Amino acid sequence: MKTALRGLLLAAMSVPALASAGLDVEGYARETLPGASMSAAYLTLRNTGNSARSLQRLELPLHGGARVQIHSTVTEGGISRMRPLAALELPPGGEITMAPGGIHLMLSGAELRAGRKVQLRLYFADGEVLEVGLPVRAITDGVHHDHG
């Protein structure tokens with residue numbers, strides 16, 4: 001019974017987009033390279049509500065010991081570096097779109113395979129907790145090379 005209920009719960013949470021209390025969330029994660037345990041995920045967060053939202057932290061609930069950090073990429077002196085962010089602020093009517101080379105999530109400690117889903121848990125300052133299942137894309141999906 002518990003197994004069946006857990007399966008139904010996971011299936012219900014495994015949609016790539018989620019709307020809750022004025023917040024829409026969608027996105028994807030990149031697969032990890034064989035033998036590696038680092039990857040990235042990219043979300044689009046839309047605040048359709050009337051009050052500001054603050055994303056405080058994230059978890060990979062089905063991967064014990066795995067970590068998720070919010071990062072931004074900054075360029076200093078021609079060198080790009082990742083910097084951790086403590087939170088993401090989303091004003092009413094605002095939208096944040098994460099992308100390679102910008103704001104993104106760093107996932108560590110979990111092997112992710114293309115064609116599967118990864119569960120992500122989002123914690124907001126107001127106490128709301130959302131779970132979303134992100135599709136895992138191949139590392140080469142959407143990669144374009146310009147050898148100009």
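Colleague: What surface does the protein chain expose, and what share of it do carbon and sulfur atoms supply?

Modeller: This is a predicted model, and the surface is computed from it. The protein chain exposes about 8500 Å². The share supplied by carbon and sulfur atoms is 55%.

Colleague: What share of the residues is buried?

Modeller: Here a residue counts as buried when its relative accessible area is under 20%. The protein chain has 148 residues, and the buried share is 36%.

Colleague: How many helices and strands does the protein chain have, and in what order do they run?

Modeller: The secondary structure consists of one helix and eleven strands. Read from the N terminus, the order is α-β-β-β-β-β-β-β-β-β-β-β.

Colleague: Why is strand S10 described as largely enclosed?

Modeller: Strand S10 covers residues 117-124, eight residues in total. It is largely enclosed by the rest of the structure because the number of its residues that are buried is six.

Colleague: Which strands pair with S10, and in what sense?

Modeller: Strand S4, residues 53-59, pairs with S10 over four bridges in the antiparallel sense. Strand S11, residues 129-137, pairs with S10 over seven bridges. The partners are therefore S4 and S11, and the sense for S11 too is antiparallel.

Colleague: Which residues stand across from Arg121?

Modeller: Arg121 lies in S10 and is the bridge partner of Glu59. In S11, the residue opposite Arg121 is Glu131. The two residues asked for are Glu59 and Glu131.

Colleague: Which residue in the turn between S10 and S11 has a positive phi?

Modeller: S10 and S11 form a hairpin, with four residues between them. A phi of about 95° belongs to Gly127.

Note on methods: Residues are numbered from 1 along each chain as its sequence is written. This is a predicted model: local features need pLDDT of at least 70, side-chain atom pairs count only at pLDDT 80 or more; totals for chains, interfaces and linings use all residues. Side-chain values use heavy atoms; hydrogens and water are left out. Buried means under 20% relative accessible area, exposed over 50%, partly exposed in between (1.4 Å probe, protein chains only). Accessible areas come from the Shrake-Rupley method with a 1.4 Å probe; for residues, only the protein chains shown count as cover. Two strands pair if DSSP finds at least two bridges between them.
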